[in-house]
Structure formats: structure tokens, C-alpha cells
Amino acid sequence: MAASPAPNRRTRVHVVSDVHGNARDLARAGDGADALVCLGDLILFLDYADHSRGILPGLFGAENTRRIVELRTARRFAEARELGARLWAGVDGDRAAVIADAVRAQYAELFAAFPTPTYATYGNVDMPPLWPEFAREGITVLDGQRTEIGGLVFGFVGGGLRMAAPPPAAESARTGGTPVPYEIGEEEYAAKVEALGEVDVLCSHIPPDVPELVYDTVARRFERGSRALLDAIRRTRPRYALFGHVHQPLARRMRIGATECVNVGHFARTGRPWVLEW
């Protein structure tokens, strides 16, 4: 792949989000493109469809993971927390260090699968402090920053927003009871959005705060979207606003004024990038 195509040739960029451990398809995600854009959530803590995949089954086994999923699906959250506490009590070593080591193992495989050039930002379950260990030449990590690809300006905003009233122990459906690594406050997030200024393509992990874009039809809940993103879209009118985070959204795309807003898809499941060409 090459980020600067020859004059008079169309530019093609592939966009992925919510990779969640799918290194096999990630290695092919840039085929035929001038660049790959990744909107985060590389880590897989827990696969609700396959209980043998992810950090938690690696630590606790598939059967215990299956039980956690059953309890959470039945909304028996207190029992799920109690089971999680018992399982963690049987793990040797500091909990944070154990998780970081498991995340490093996933990042080693996933960053090796990235084609070049790749432009990437963090998801809410990523661990940004670890990314410099794995981001080799040709992989550009951006957060509150801009870059040019094929003559268009892309702006990147990483991470997610903390819940207004977080559940006990910051429990997350995606991490099976472990704290969510990269969720920040609204003011900090808005400052990153503001730092971008006017861009042609606004790239973020989470969607703008629009009900149709933040509602997950399978989980049957509203995820956190960003009001700052929505305000920036209305104010600066980028051509595109691209995001992920909501795996089964009520609406996968919609227009807000002059901007085409697109959920690029749950790459962990589809294995297919979303294509932007101009």
C-alpha cells in the first residue's frame, strides 16, 4: 500500500473498527487499498459468541467464562461479580500486571498484522500506554491529531467516554468485569475534538451522540456517544464522520447536514473493512 497515489488516480482507504483480536482478517484488511485506518478496540477480553477466545478464558477457562456470560446475559450482575472475584483470587500475581501481560501478547500479534501505511487511534478497551511498544515504522498513532491521506485531511479522536453513573467496580460488558482501560471525561474528550479544527474526514472510535447511532439493537442499550463530536460535525461540516464502538447499531449510516456519518462495522465479526474512495 502507498499513502500518496499517483496523480489522476483515485485514492482508496480501508477503514476498520472493533477488531477485538481478529488478527487473521486484519492482515488482509489493507489489500487493494492505499492506506488502512483503524478506529480502535484491538483487544479481546471476552467473546460472547465463542467462550474459548479472549483474555478471560485464557485466565479462567472456557467453562468459567461461559458461566460469567450466562449470568451477565440474565442480568444477574451481582452473581457475575462474585464469580469474577473468586476466579481472580485464584490467579497468581498483581491483577493489573496479569492483564497487561495478556494484552501485550494480543498487541504483538495484532500490530504485526497491520499493513503499511496504517493510521490508528485507540478504542475504549485499548491500553494506549502500551502502543509505543508495538507501533513499528509505517504505523502512525493519532489522537487529537490530523494527517493527510490522498489530499484529504483526516482527524482522529481516540477512546471513549466514561459512563455518567458507572456500575460497581466499573464493570463492563465487553471486559467481563475488568475496568475499561481508556474511557475519559467529557471535557478531556471535547478538547481533543476541538484540537482538530476543520477536517475532511472525522475519525473516532465512538459515534456522535445521536440516538439512532448509539443504540445497540442486540445488547438493547444506548452506548455513550459524544456531544462534542456532534457539535463539531454541525459546525465544521466534514465530508465524512467515521466511527465504530456500537456493534449492532440501529442505524449504520445517516446524514447530519453535509456530513455522511458511517459506522464502519464490527470487524471482529465481519472481517471486512469499510471502503472510502475518492
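Q: When do two strands count as paired here?
A: They pair if DSSP finds at least two bridges between them. Strands (E, at least two residues) and helices (H or I, at least four) are DSSP runs, numbered from the N terminus.

Q: And what am I looking at?
A: This is a predicted model, where local features need pLDDT of at least 70, side-chain atom pairs count only at pLDDT 80 or more, and totals for chains, interfaces and linings use all residues. Residues are numbered from 1 along each chain as its sequence is written, and side-chain values use heavy atoms, leaving out hydrogens and water.

Q: OK, the sheet. What's the strand order?
A: β4-β3-β2-β1-β15. It is an open sheet of five strands, and the pairing is mixed.

Q: Which strands sit at the edges?
A: β4 (139-141) and β15 (274-277). Each has a single partner strand, so one side of each lacks a neighbour in the sheet.

Q: How does β15 pair with β1?
A: Antiparallel, over four bridges; β1 is residues 12-16. H14 has V275 in β15 as its bridge partner.

Q: Switching to helices. What's the angle between α6 and α8?
A: About 25 degrees, with the axes 9 Å apart. α6 covers residues 186-196 and α8 covers 227-236. Axes are lines fitted to C-alpha atoms, for helices over the stretch in contact, and angles run from 0 to 180 degrees between N-to-C directions.

Q: Parallel or perpendicular, then?
A: Roughly parallel, because the angle is under 35 degrees (over 145 is roughly antiparallel, 65 to 115 roughly perpendicular, the rest oblique).

Q: Which residues meet?
A: Y189, A190, V193 and E194 in α6 meet A228, L229, A232 and R235 in α8. Contact means heavy atoms within 4.5 Å.
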